[in-house]
Amino acid sequence: YPKILEQTNDRCPTGYTVRKFLTYDPAQVVIGSGAVNTYGCLLFRSVEANLNYIEACYEKNGSLDAKAIKYWKEIRSRAGVSDNIDMTIAATDLSKENDIREADFIYLHWINMGMLSIYDVERILKLGRPVFWFMHDMWPLTGGCHHAFDCTKYLEKCIDCPLLHRKRDMLFCKFQFEEKYRIFSKYSNLKIIAPSTWLFHLASTSLLFKNKQLIHIPNLCDINIFKPMGKGWAKRLFNLSESKKLILFGAATGGMGNIYKGWEYLQKAILHLSTSSYEAVIFGEYNKTVEKQLPIKCNFIGKLYDEYSLSVLYNAADVFVTPSLADNFPNTILESLSCGTPVVAFNVGGIPDLIMHKSNGYLAHYKDCEDLKKGIEWCVSQYSIQEVCRSSIIKKYSPSLIIEKHKKLMYGKI
């Protein structure tokens with residue numbers, strides 16, 4: 001620990017007892033009371049402090065903020081090496097890590113944004129261990145898109161992608177699909193897990209995975225954290241109205257610029273509601289555009305850093321709405337239902353696995369604003385729905401059930 005308050009002459013100038021990178025150049029050290037006192041490590045301590053901040057930032061937020069990225073670039077530039085974070089990650093060969101080499105089973109999840117390339121995946125497959133790839137979207141079985149929508153080219157070959165416009169992008173898509181096929185087809189130790197019946201079906205018919213072992217195992221939900229609480233207490237904790245029906249939704253900022261999040265359909269649905277009865281509760285920071293576009297009061301919660309706060313927020317809401325136009329198996333729906341709060345969503349992707357229409361929520365017709373509005377009205381009128389929502393999760397998605405399925409898979413019982 002720092003000893004910055006000690007008045008001894010032999011303490012270290014930075015407040016830390018320096019045990020490495022000491023300099024023994026007489027011009028740089030002061031000898032006193034038999035101890036070495038040096039200023040030679042000040043730069044090292046500064047870098048160490050910056051690295052500590054970067055690590056703490058990632059541990060807390062799951063990402064790097066602007067300050068952490070600034071520190072990273074400064075450290076790398078000073079060392080005379082590239083400050084490109086993605087390039088640094090891409091240069092890491094995980095197959096050489098002891099934890100990977102000595103593992104009995106290896107799980108892959110979402111590997112994009114420079115985390116792992118398909119060649120990194122092959123290096124891991126070459127270790128010969130059972131590799132279970134848990135798919136979170138369609139990317140593993142396509143030439144590059146995360147959701148193919150109406151396109152079915154992944155069934156045979158990804159060419160002339162309808163989502164791309166530049167020739168070079170289309171060629172890369174074709175090349176990546178062919179490389180995936182070349183690599184994946186060589187390894188029998190690659191197993192595919194799909195959390196939704198929708199994605200399981202797509203994988204079973206795709207060129208890349210139709211001859212692989214496919215397993216349907218859903219996501220789990222921590223039912224001890226996401227659980228019903230007193231709704232009035234939860235609303236008071238967030239200083240929310242107890243007399244209005246609260247509509248909870250997210251991605252107000254990022255979702256507006258992403259057409260697949262369905263913001264325009266939710267906006268129109270809310271416009272058709274009896275606005276005097278409702279208020280909006282929104283994940284994320286204040287957004288002036290959202291506030292101007294909605295006719296009801298908007299309560300911006302800001303960023304929540306822990307699951308306990310998130311659980312309380314789900315409990316405070318009367319209905320959770322996720323208007324995504326493409327989704328696999330949203331954890332937000334799992335969590336909301338586990339807290340006893342009904343969910344309204346479009347009947348798309350893996351969402352029907354979670355929502356039982358007019359039982360624990362409402363499945364609206366795809367891109368139908370009026371039906372989305374009806375779903376909101378139906379959910380807030382069901383005063384005994386909390387227990388139905390909760391039981392629908394406990395029966396199928398509690399940790400003990402899902403973990404048991406993974407154990408059976410690992411030991412060849414599935």
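A search of the whole structure, which is a predicted model, turns up two cavities of 30 Å³ or more. The largest cavity holds about 80 Å³ of space. Its lining is made up of Thr-142, Cys-145, Ala-148, Cys-151, Lys-153, Tyr-154, Cys-158, Ile-159, Cys-161, Pro-162, Leu-163 and Cys-173.

Then there is the largest pocket, with about 1200 Å³ of space in it. A total of 41 residues line this pocket, and Lys-261, Asp-327, Pro-330, Asn-331 and Thr-332 are the ones nearest its centre. As for secondary structure, two or more lining residues come from each of α9 (263–271), α11 (307–316), β10 (319–322) and α12.

Stepping back to the whole protein, the count is 15 helices and twelve strands. Of the 414 residues, 44% are buried. Looking at contacts between residues at least 6 apart in sequence, 61% of them link residues at least 24 apart.

One strand that sits well inside is β9, residues 298–302. All five of its five residues are buried, so the strand is largely enclosed by the rest of the structure. That goes for both faces: Cys-298, Phe-300 and Gly-302 are buried on one side, and Asn-299 and Ile-301 are buried on the other. The strand β8 (residues 278–283) runs parallel to β9, and four bridges join the two. In one of these pairings, Ile-282 has Phe-300 of β9 as its bridge partner. To get from β8 to β9, the chain passes through helix α10 (residues 288–293), and this β-α-β crossover is right-handed.

Further along the chain comes Thr-341, in the loop between α12 (331–338) and β11 (343–346). Is this loop residue, Thr-341, buried or exposed? With a relative accessible area of 0%, Thr-341 counts as buried, since the cut-off for that label is under 20%. The Thr-341 side chain reaches the backbone oxygen of Tyr-314, at 2.6 Å. Tyr-314 is also among the residues that Thr-341 touches, leaving aside those up to four places away in sequence. The others on that list are Lys-231, Asn-315, Ala-317, Asp-318, Val-319, Phe-320, Ser-336 and Cys-389.

Technical notes. Residues numbered from 1 in each chain as written. Predicted model: local features only at pLDDT ≥ 70, side-chain atom pairs only at ≥ 80, totals over all residues. Heavy atoms only, no water. Buried < 20%, exposed > 50% of the residue type's maximum accessible area, 1.4 Å probe, protein only. Pairing = 2+ DSSP bridges. Right-handed = clockwise from strand over helix to strand, strands pointing away. Polar contact = N/O pair within 3.5 Å; in protein donor to acceptor, adjacent residues only side chain to side chain. Contact = heavy atoms within 4.5 Å. 1 Å grid on protein atoms, 1.4 Å probe; cavity = no way out; pocket = protein on both sides within 12 Å on 5 of 7 lines; lining within 4 Å. Points joined across faces, edges and corners; volume = space filled by probe spheres on them.
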